[in-house]
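Student: Could you take me through one part of this model closely, with the cut-offs behind each term, so that I can follow it beside the structure?

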2 protein chains.
Amino acid sequence: MQDVPLLISRILTHGATVHGSSRITTWTGEAEPHRRTFAEIGTRSAQLAHALAGLGVRDDDRVATLMWNNAEHVEAYFAVPSMGAVLHTLNLRLPAEQLAWIINHAADRVIIVNGSLIPLLAPLLPQLPTVEHIVVSGPGDRAPLAGGTARLHEYEELLAGHPETYDWPELDERRAAAMCYTSGTTGDPKGVVYSHRSVYLHSMQVNMTQSMGLTDQDTSLVVVPQFHVNAWGLPDAAFMTGVNLLMPDRFLQPVPLAEMIAAERPTHAAAVPTIWQGLLAELGAHPRDVSSLVQVTIGGAACPPSLMEAFDALGMRVCHAWGMTETSPLGTVARPPAHAIGTEEEFAYRLTQGRFPTSVEARLTGPGGERLPWDGESAGELEVRGPWIAGAYYNGPDAEPLRPDDKFSADGWLKTGDVGTISPDGFLTLTDRAKDVIKSGGEWISSVALENALMAHPDVAEAAVVAVPDEKWDERPLATVVLKEGAEVGFEALRVFLAEECGIARWQLPERWTIVETVPKTSVGKFDKKVLRRRYADGELDVTRL
Amino acid sequence: MQDVPLLISRILTHGATVHGSSRITTWTGEAEPHRRTFAEIGTRSAQLAHALAGLGVRDDDRVATLMWNNAEHVEAYFAVPSMGAVLHTLNLRLPAEQLAWIINHAADRVIIVNGSLIPLLAPLLPQLPTVEHIVVSGPGDRAPLAGGTARLHEYEELLAGHPETYDWPELDERRAAAMCYTSGTTGDPKGVVYSHRSVYLHSMQVNMTQSMGLTDQDTSLVVVPQFHVNAWGLPDAAFMTGVNLLMPDRFLQPVPLAEMIAAERPTHAAAVPTIWQGLLAELGAHPRDVSSLVQVTIGGAACPPSLMEAFDALGMRVCHAWGMTETSPLGTVARPPAHAIGTEEEFAYRLTQGRFPTSVEARLTGPGGERLPWDGESAGELEVRGPWIAGAYYNGPDAEPLRPDDKFSADGWLKTGDVGTISPDGFLTLTDRAKDVIKSGGEWISSVALENALMAHPDVAEAAVVAVPDEKWDERPLATVVLKEGAEVGFEALRVFLAEECGIARWQLPERWTIVETVPKTSVGKFDKKVLRRRYADGELDVTRL
């Protein structure tokens with residue numbers, strides 16, 4: 001067989017010719033959205049590559065984007081890797097100091113920024129010594145950028161006049177194509193580097209029938225940000241099959257989302273659950289014709305069953321997907337197996353995280369490092385392996401890749417940090433984060449299962465369960481409970497409730513209980529269990545032992 | 001990204017676990033067909049690999065199959081490459097001397113043969129010095145095999161007792177996995193070697209939405225033989241997504257095909273047009289419920305429009321695909337573009353050979369070696385490039401791969417020998433074989449277009465057009481015509497008909513005409529133009545010059 005490398009330039013060339021009339025529509029907030037064909041993206045990507053080469057971009061230089069989802073961002077997706085450089089998508093939701101840290105760690109030479117995001121970038125510039133060029137696209141006041149050392153360029157002016165074709169180099173398919181940093185809730189952010197090979201294979205997978213399975217008859221509303229694991233691979237996948245893209249740019253609020261669905265009639269959408277909850281409320285208050293939208297891929301967090309049912313009632317079929325920055329991200333997709341379709345089992349399958357594709361190998365590792373069976377019951381830490389799964393982190397321009405022990409097994413599998421079960425037919429159900437699971441006498445107790453059970457009690461407003469040290473069992477669960485106003489239920493009654501109403505096994509029932517006024521939360525609203533564990537260690541909590 | 005090779009063992013392991021309950025149903029001609037789950041195929045493939053290792057199969061030894069489409073043949077598909085050996089599928093339609101030539105050229109060490117095909121194999125055995133083991137599967141008299149030097153084994157006995165798992169080796173993905181010889185209408189057959197990488201990528205493509213696009217809700221009736229370019233990749237693709245397979249074994253006649261469709265209710269089928277013509281006649285004579293079958297992939301030759309319309313009327317949607325042994329075979333699939341669906345253009349798109357996928361690059365080369373545009377009008381020889389396209393032929397165990405000039409361009413593209421046009425949106429329309437096209441004054445004239453136009457005349461039964469030497473134009477067309485009984489149309493009238501009724505350009509009209517009693521045909525029923533050219537050269541034809 002011919003030794004032809006799997007390159008992003010091939011995806012671009014294919015999309016710009018065979019699917020040249022497919023379109024990217026970018027919402028502008030004005031009467032008419034902005035439209036550009038794949039053929040135009042092809043010629044403009046060539047122009048962008050010439051322009052970047054003209055700025056001195058060479059070899060595997062990093063070109064960063066601080067951009068919303070829009071046609072220009074897709075141009076950067078194709079031009080930068082195809083010319084051999086590395087696209088670094090910056091997460092515009094990060095705190096300023098993390099953003100600066102990441103830009104410096106990647107040693108970005110160029111940043112392409114949307115005009116509306118200049119207020120975010122400008123204050124950082126004095127701290128960014130590697131950035132030589134700033135290219136601005138779209139509306140927004142340029143004034144705050146003045147006075148720095150980096151040269152400023154207008155995106156459209158930079159492209160103008162360059163040739164509309166580029167002789168894309170024949171690269172090694174394992175060469176770096178793009179990078180994305182994990183948000184780093186503990187420690188510094190870590191950079192994940194995608195290769196041409198990984199992006200190409202991942203794009204094929206996205207287009208396989210049991211993933212998103214879209215065609216050129218579809219229009220996909222890409223709400224998931226392009227800086228969030230490559231928008232789940234949708235822009236690259238779209239150029240393989242001609243899927244039209246509807247890009248919301250900065251208009252991510254429920255009202256404009258509802259408007260763009262009604263006006264542009266997408267058939268598919270991809271987003272995290274929180275965005276959809278807002279959209280659902282807006283549609284309840286101001287009904288619109290959203291009947292075109294029949295498939296919604298939800299990832300980033302599980303979709304609550306009630307939300308899934310609400311979408312079903314609207315004719316939108318929610319499909320769970322699971323993945324992470326380190327998995328490109330497609331790890332699982334929850335399409336029920338044929339035998340479950342039309343049966344009562346179907347909804348249960350849809351509530352799982354989904355089924356692994358051929359290219360993602362999965363195994364579960366128990367508390368003692370042992371392999372656990374795919375029996376739908378044994379819970380262990382999920383480890384994955386495959387051609388689009390990270391094998392190391394980026395450790396800076398001249399350093400070896402970083403492979404921390406807690407993230408990679410000795411034989412090279414990614415330790416996901418997620419705990420769950422896998423059914424015999426390969427469906428993943430996540431039950432906890434590995435750092436939150438309680439390791440009691442060589443067995444694992446899911447903190448999330450206990451929390452959900454406690455919060456099902458009518459007197460409980462919130463409950464968080466954390467591991468605390470125990471002489472006999474290594475760790476045992478501590479239940480911290482927020483009672484509803486005026487409620488007076490006792491710990492013993494809650495313990496009985498867990499055992500008798502919720503089916504929690506006796507050995508998993510907490511002995512240690514405490515009432516708190518509120519559960520501490522992280523900046524994104526998740527329970528901050530670190531704080532609870534520290535308060536317990538410091539003796540700040542008033543703990544009752546049953 | 002992790003450096004994980006793309007291996008056939010991964011496809012097997014995935015199918016046997018995640019899609020373990022999907023099934024292969026093999027027709028037996030008896031009341032009950034034979035059924036085996038993918039999980040069983042997984043354990044039996046492991047047993048087969050142990051058994052073959054026990055016979056001494058090592059390294060890249062060739063293990064041949066002379067088998068119909070059935071579950072055991074699929075076991076060989078997975079076991080042989082997964083253990084590191086090379087599967088050689090033998091075309092049971094070949095003349096005996098070609099079969100022997102191929103087995104010797106590949107130096108096959110083992111042949112797995114269906115009992116019903118022993119009469120084909122037994123007479124060849126004395127000419128096959130490399131064959132050490134013959135493994136027989138399924139019903140059929142074993143007696144003719146007795147007395148040779150090769151050891152005989154029963155397939156089921158050979159597997160029995162071996163472990164149900166195999167520690168599949170981590171191979172180089174570019175290693176040879178399977179091979180298939182072209183039928184070799186001119187010269188010796190040529191061996192095409194598929195790699196693990198090419199089979200894996202091709203299988204992903206088959207499962208992409210714009211190829212066959214099947215899921216575990218589908219059952220595919222695989223009429224195209226497993227010895228014919230890996231049954232178009234369907235068995236490997238099925239294990240990626242859980243597509244159920246319906247295998248006809250030796251029951252390829254219209255009546256059993258109609259019976260198995262009615263009984264097993266496949267949703268998809270894959271075959272060459274001639275098989276379907278017979279099926280259609282049978283269904284006309286004896287109607288059955290074939291409503292399950294909604295998608296029919298047809299390749300190997302174009303489906304006549306009338307046949308396509310007849311299938312449409314039955315609710316079966318025919319989808320053209322084009323490929324060859326050298327292209328694994330998926331080259332194009334004729335799914336109309338979104339803008340044509342529901343319009344008058346749709347049928348025209350379905351009659352093309354189809355659209356190229358991302359991984360198949362295509363270009364057209366004109367009579368003078370120049371590149372021609374994708375304008376839907378410029379006809380040239382099709383050249384293709386991609387990770388599942390052959391780059392050389394197999395030249396025997398210890399020789400360099402063979403790269404004949406007439407099959408590969410200097411820069412490594414495969415010259416397909418097909419002449420056609422490509423539309424701006426990447427749809428291929430084949431107009432002729434390169435060896436049959438008439439090269440007249442630096443332009444090409446399609447022999448097929450002239451033949452089709454002539455055969456549209458009511459007095460013409462058959463017509464073949466061949467190139468003959470011409471002093472002024474290098475080559476010009478010679479029209480050889482078979483008139484219907486009693487018809488007396490003159491050549492001048494036919495020439496006027498071509499120009500005025502069929503829109504053939506003046507410079508393409510033949511000057512040389514001859515009446516023949518019948519057009520000579522090859523063993524598979526195609527016009528044998530070699531014979532006509534030789535008869536012309538020998539002065540055997542009575543040619544009129546207008």
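Tutor: What follows is a walk through a sheet, its helix, and a strand pairing further along.
This is a predicted model, in which local features need pLDDT of at least 70 and side-chain atom pairs count only at pLDDT 80 or more, while totals for chains, interfaces and linings use all residues. Residues are numbered from 1 along each chain as its sequence is written, chains are lettered from A and ligands numbered from 1 in the order in which they are written, and side-chain values use heavy atoms, with hydrogens and water left out.

In chain A, 7 strands make up an open sheet of mixed pairing, in the order E7-E6-E5-E3-E4-E8-E9. Helices (H or I, at least four residues) and strands (E, at least two) are DSSP runs numbered from the N terminus, and two strands pair if DSSP finds at least two bridges between them. At the edges lie E7 (151–154) and E9 (191–195) of chain A, each of which pairs on one side only. Neighbouring strands are turned by 20 degrees against each other on average, direction ignored. On the E9(A) side, E8(A) (residues 176–181) pairs with E9(A) in the antiparallel sense over 5 bridges, and A:Tyr181 has A:Gly191 as its bridge partner there.

Helix H4(A) (residues 96–106) packs on this sheet, touching E3 (62–66), E4 (86–89), E5 (110–114) and E8 of chain A, where contact means heavy atoms within 4.5 Å. The direction of H4(A) makes about 155 degrees with that of E8(A); axes are lines fitted to C-alpha atoms, for helices over the stretch in contact, and angles run from 0 to 180 degrees between N-to-C directions.

For chain B, the residues of helix H4 (residues 96–106) can be followed one by one. Its buried residues are B:Gln98, B:Leu99, B:Ala100, B:Ile102, B:Ile103, B:His105 and B:Ala106, buried meaning under 20% relative accessible area, exposed over 50% and partly exposed in between (1.4 Å probe, protein chains only). These buried residues pack against strands E3 (62–66), E4 (86–89), E5 (110–114) and E8 (176–181), and also against helix H5 (118–121), of chain B. Just after H4(B), B:Ala107 takes a positive phi of about 55 degrees.

Further along chain A, strands E25 (residues 474–483) and E26 (residues 512–515) pair in the parallel sense over 4 bridges, and the bridge partner of A:Ala479 in E26(A) is A:Trp513.
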